[in-house]
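Hello,

Here is the structure I promised to pass on to you. Please have a look at it first, and then read on for what I found.

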Amino acid sequence: MEVNAQHPVCIQVIQLLEQLICTHSFSKEEKETADLIAAFFENNGLAVNRSKNNVWVKHPHWQTGLPVILLNSHHDTVKPAASWQRDPFVANWEGDQLFGLGSNDAGGPLVSLIAAFLLLKDQKDLPFNLIMAATAEEEISGAGGIAHILPELGPLAGGIVGEPTLGHVAIAERGLIVIDGEAQGVSGHAAREEGTNALYVALDDIAQLREYTFPKISSMLGGVKVSVTQIAAGSQHNVVPDRCQFVMDVRVNEYYTNEEVVAALQAVCQSKLTPRSLRLQSSGIAADHPLAKAVAALGLSTYGSPTLSDQALMPFPTIKLGPGDSARSHTADEFIRRTEIIAGIKTYLSVLGQLKFDE
């Protein structure tokens, strides 16, 4: 299949990306971009499913009993940084580069996945079923995004998550836990030997956390990373504080569940630890999974991703792959290259073309 910038599908999806850039789609405010995507699918003869601001379509030649692969990327964006030198809501071409909010994260990967789906939609003998889902609230890991529609999609054998990865394949991704710690003490006058200083209790715990090492080290992601990033205590200089609060940012490798990590940290702390959420789990894909085998057969470069995506909400094997560069994400004057989009489409088609479940 010859794929180039002049192919009608490639022209269509790049025009869609231009429209998406020009349409506000902050997290939880994606209705208008969801409308655009739904209309695009309908104009291409596809039956559209929609829940909230999530839009998905199934391959027209669905075959009952075959494994199902999810193609997924998001259409919400962060708010533009103040330092933009261009209008972030104007699709501005400069040579090969398309500037605009969401062009790189994740408009380029999204429309590349859509193009790959369209280029396969008339194929009647795929060895798997495909679902293409454009979802909301990824930038805030919101409950109204991919997690909201997963129960409606049915069992999934695997997924390709479209994010800017320079065309490399993330086969593992760190999970995230934000933990609130609270040390308890007894208040007293600072001039006398009385009270129990909660700040010192917290500092003792923080020292323990700095020294604690989780034994299982990932070849892709390294060890579990624990960082204390905020601390607050005391009301005035002459009162021993009876409470000290601190916040931990914990990045989890694929060998631990978030629940296991919290339990291990609580065991070395006097302070009470309360995770804000346990939803954002680490992910990894086994080397013998058909998606991992396809990636290996193609010789694609693999890595472990330190950054979070909707992979964290998918309880089935996934890879993260797409055109663009995550270093451009959430930055002023974000852009994607036309050549990157075309290359992304080809890579997605290559992975799907190599994918086999009968071995």
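Let me start with a loop: Lys52 sits between strand 1 (48–51) and strand 2 (54–58). Please keep in mind throughout that this is a predicted model. The phi of Lys52 is near 55°, which is positive even though the residue is not glycine. Most residues other than glycine have a negative phi, and most peptide bonds are trans. Is Lys52 buried or exposed? Its relative accessibility is 54%, so Lys52 counts as exposed, the cut-off being over 50%.

Leu166 is another non-glycine residue with a positive phi, of about 60°. Its place is the loop that links strand 7 (158–162) and strand 8 (169–173). There is also a positive phi at a glycine: Gly299, just after helix 7, has a value of about 70°. As for peptide bonds, the one from Asp105 to Ala106 is cis, with omega near 0°. Ala106 belongs to helix 3, so you may want to look at that spot on the model yourself.

Now for the overall picture. The protein chain has 8 helices and 18 strands, and its C-alpha trace spans about 80 × 50 × 35 Å along the principal axes. Of the 359 residues in the chain, 51% are buried. If you take contacts between residues at least 6 apart in sequence, 80% of them join residues at least 24 apart.

Helix 3 brings us to a small sheet. Three strands form an open sheet in the order 4-5-18, and their pairing is antiparallel. Its edges are strand 4 (92–94) and strand 18 (335–337), each of which pairs on one side only. From one strand to the next, the twist averages 25°. Strand 4 and strand 5 (residues 97–99) run antiparallel and are joined by 3 bridges, and Asn92 stands opposite Phe99 of strand 5. Helix 8 (residues 338–354) packs on this sheet, where it touches strand 4 and strand 18, and its direction makes about 60° with that of strand 18. Helix 3 (residues 103–120) lies across strand 5 and strand 18, at about 35° to strand 18.

Helix 8 turns up again around helix 7 (residues 290–298). The buried residues of helix 7 are Pro290, Leu291, Ala292, Ala294 and Val295. They pack against helix 8 as well as strand 7, strand 8, strand 16 (302–305) and strand 17 (318–321).

Helix 5 (residues 198–211) is the part I looked at in most detail. Its 14 residues reach 20 Å from first C-alpha to last, close to the 20 Å expected at 1.5 Å a residue. Which residues of helix 5 are buried? They are Ala198, Val201, Ala202, Asp205, Ile206 and Leu209. These residues lie on the same side of helix 5, because they cover an arc of only 135° around the axis. Tyr200, Arg210 and Glu211 are exposed on the other side. The cover over the buried residues of helix 5 includes strand 9 (175–184), strand 11 (225–233), strand 13 (243–252) and helix 6 (258–267). At the start of helix 5, a side-chain oxygen of Asn197 comes to within 2.8 Å of the backbone nitrogen of Leu199.

One residue of strand 13 is worth showing here: Phe246. Phe246 is buried, with a relative accessible area of 1%. Beyond its neighbours within four places in sequence, Phe246 is in contact with Ala202, Ile206 and Leu209, and also with Ile179, Asp180, Gly181, Glu182, Val228, Gln230, Ile231, Ser271 and Leu273. Between the C-alpha atoms of Phe246 and Gly185 the distance is 14 Å, with 61 residues separating them in sequence.

Thr213 makes a good counterpart. It lies in the loop between helix 5 and strand 11, and with a relative accessible area of 58%, Thr213 is exposed. Its C-alpha is 25 Å from that of Ala286, which is 73 residues away along the chain.

Happy to go through any of this with you.

Best wishes

Conventions:
Residues are numbered from 1 along each chain as its sequence is written. Side-chain values use heavy atoms; hydrogens and water are left out. Helices (H or I, at least four residues) and strands (E, at least two) are DSSP runs, numbered from the N terminus. The expected span of a helix is 1.5 Å times one less than its number of residues. Buried means under 20% relative accessible area, exposed over 50%, partly exposed in between (1.4 Å probe, protein chains only). The arc is that of the directions from the helix axis to the C-beta atoms. Contact means heavy atoms within 4.5 Å. A polar contact is a pair of N or O atoms within 3.5 Å; within protein, one must be able to donate a hydrogen and the other to accept it, and residues adjacent in sequence count only if both atoms are side-chain atoms. Two strands pair if DSSP finds at least two bridges between them. Axes are lines fitted to C-alpha atoms, for helices over the stretch in contact, and angles run from 0 to 180 degrees between N-to-C directions.
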